[in-house]
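Let's walk through this one together, question by question. Have the sequence and the 3D view open while you read.

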Amino acid sequence: MAKLTVHDMDLQGKRVLTRVDYNVPMDEQDGTMVINDDTRIRATLPTLKAMIKKSAKIILAAHLGRPKGVRKPSMSLRPVADKLAELIGQPVAFCEHCVGSSVAEAVDKLEDGGLLLLENVRYHTEEVANDPSFAEQLAAVADVYVNDAFGAAHRAHASTVGVAKVISKRGDPCAAGLLMERELQFLGSELADPDRPFVVILGGAKVSDKIKVIDRLLEKADTILIGGAMAYTFMLAMGVTVGKSLVEPDAVDVAQAALDKANERNVQFLIPNDHVVATLGATGQFESHRVNDGNTIPNDVGGVDIGPETTANFSEVIAGAKTILWNGPMGIFEDARFAEGTFGVAKAVCEATRNGAMSIIGGGDSVKALNMAGLGDQVTFMSTGGGASLEFLEGNELPGVVSLTDK
Ligand code: ADP
Ligand code: MG
């Protein structure tokens, strides 16, 4: 990687302002906020442990939700400090502010190898506005900067970009954390020249969300497998009836352009050839689901999952792959009746991985689906950055990465 990482730095006694992604899902239980998924906290442990070993004074900055400059108690990071302490097995101090004199005092008390978590940076509107004087205030307590928040790297905010500018300008280093490094490795360098066949699996709700990724991957992939609701927009472009399936009529042109490009470039482009369909009942619930033979979908039903024949076909293609990139579920997997396609493809991806393929999963819902299937640990890499991974796969430079020090 072309950017400095934590491994390259001498951190003995240094105050390291470390941006992490602790935007974890929480629920209120009896008046207190409880973290119901600590994946993002766990994902930072390798970086934190490496820095503790180097005797750094670690100051953690993060955001939670979208408080828009208001101190909303439900969006406080305090519960994260307790959870992190439990996971890492050492105390984590918490400061109710992220800038100002109380932060300076808390940092003064930090011992080498100690951890301090600052309150939600988005309690200040200056964070999202990337306000230069707010960035100066964040940087005031730090000797060096580390960014491990891949999931926030697509945003040019004060704690991701502004502070790196201030610290770089002083001539001090700004480095990638180990999670950031892994994300860039798997979504970037590993896919730059993939082992072939390179099979891309795309699904999810909308073609329009992912058309830039599709366009870019059409230049790299040997095969693209399409599932999820986005398949119906492709079917619409092909003149196939889609019934009440979720479609984007406005995206038919871009879908057609993608089909043309696949044709020109000799990319195998597969859409489902059977479907699970259901009627939408009066209460908004799906009813009387069944497998619909063949490709056309009758007018009274909509497609909610790929069918068993498609799952088998896709699995066969996946079995022959050397590199697999998967973004977007094959159906409405949140409903167990419509999860078989997604779980079937997940099994095929894990099987291929066992046989030596590299498998990379991007997209928040895809990761959720894999974890629901209990297969999260059987792929090569699962990205922690939903929006950020999509933007990176589109080929965009991420501002939070660009602002780090070159090696
Ligand atoms: P990711 O987060 O992995 O990038 P997306 O956000 O693009 O994935 O899409 C996930 C959503 O797509 C899920 O909530 C799922 O229910 C929905 N979806 C998948 N297939 C269909 C379908 N056939 N009809 C409606 N929604 C679908
Ligand atoms: Mg999503």
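Q: Which backbone sits 3.3 Å from an oxygen atom of ligand 1, and how much of ligand 1 does the protein bury?
A: Keep in mind that this is a predicted model. A polar backbone atom of Gly364 is 3.3 Å from an oxygen atom of ligand 1. Taken alone, ligand 1 exposes 580 Å², and the share of that buried by the protein is 83%.

Q: Which element gives the largest share of the shell around ligand 1?
A: Two elements give two or more residues each to that shell: strand S14 (302-306) and helix H14 (364-372). The largest share is three residues, and it comes from H14.

Q: Which backbone lies 3.3 Å from a nitrogen atom of ligand 1?
A: For an oxygen atom of ligand 1, a polar backbone atom of Ala205 is found at 3.3 Å. For a nitrogen atom of ligand 1, the backbone N or O atom at 3.3 Å belongs to Ala229.

Q: How many charged residues are in the shell around ligand 1?
A: There are 19 residues around ligand 1, and those that come nearest are Lys210, Gly331, Glu334, Asp365 and Ser366. Sorting the shell by type gives seven nonpolar and nine polar residues, and the number of charged ones is three.

Q: How many disulfides does the structure hold, and why is Cys98 not in one?
A: A disulfide needs two cysteine sulfur atoms within 2.5 Å. For Cys98 the closest cysteine sulfur is in Cys95, and at 8.5 Å that is too far for a bond. The count of disulfides in the structure is zero.

Q: Is Cys350 buried or exposed?
A: The cut-off for buried is under 20% relative accessible area. Cys98 meets it with 3%. Cys350 has a relative accessible area of 1%, so Cys350 is buried.

Q: Which backbone oxygen lies 2.7 Å from the side chain of Thr160?
A: Thr160 belongs to helix H7 (residues 158-169), and its relative accessible area of 0% makes it buried. A polar atom of its side chain lies 3.0 Å from the backbone nitrogen of His157. The backbone oxygen at 2.7 Å from a polar side-chain atom of Thr160 is that of Arg155.

Q: Which residues does Thr160 touch, leaving out those up to four places away in sequence?
A: Thr160 is buried at 0% relative accessible area, so have a look at what surrounds it. With residues up to four places away set aside, the list is Arg19, Tyr145, Asn147, Ala152, Arg155, Gly400 and Ser403.

Q: Which backbone oxygen lies 3.2 Å from a polar side-chain atom of Thr18?
A: Thr18 is part of strand S1 (residues 15-19), and at 0% relative accessibility it counts as buried. Beyond four places in sequence, Thr18 touches Met51, Ile58, Ile59, Leu60, Ala61 and Val146. The backbone oxygen in question, 3.2 Å from a polar atom of the Thr18 side chain, belongs to Val16.

Q: How far apart in space are Ile52 and Asp300, C-alpha to C-alpha?
A: Ile52 lies in helix H2 (residues 45-53). Its contacts more than four places away in sequence are Ile58, Ile88, Gln90, Gly113 and Leu115. Asp300 is 248 residues from Ile52 in sequence, and the C-alpha distance between the two is 61 Å.

Q: Which residue just after H3 takes a positive phi?
A: Helix H3 covers residues 78-88, and its buried residues are Pro79, Val80, Ala81, Lys83, Leu84 and Ile88. Just after H3, the residue with a positive phi, about 75 degrees, is Gly89.

Q: Is the peptide bond from Arg196 to Pro197 cis or trans?
A: Pro197 sits in the loop between helix H8 (178-192) and strand S9 (198-202). Most peptide bonds are trans. Omega from Arg196 to Pro197 is near 5 degrees, and the bond is cis.

Q: What is the relative accessible area of Ser288?
A: Most residues other than glycine have a negative phi. Ser288, in strand S13 (residues 286-292), has a positive phi of about 35 degrees. Ser288 counts as exposed, with a relative accessible area of 56%.

Notes: Residues numbered from 1 in each chain as written. Chains lettered and ligands numbered in written order. Predicted model: local features only at pLDDT ≥ 70, side-chain atom pairs only at ≥ 80, totals over all residues. Heavy atoms only, no water. Buried < 20%, exposed > 50% of the residue type's maximum accessible area, 1.4 Å probe, protein only. Helix = DSSP H or I, 4+ residues; strand = E, 2+ residues; numbered from the N terminus. Polar contact = N/O pair within 3.5 Å; in protein donor to acceptor, adjacent residues only side chain to side chain. Contact = heavy atoms within 4.5 Å. Near = heavy atom within 4 Å. Areas by Shrake-Rupley, 256 points an atom, 1.4 Å probe, with all protein chains shown as cover. Nonpolar A, V, L, I, M, F, W, Y, C, P; charged D, E, K, R; others polar.
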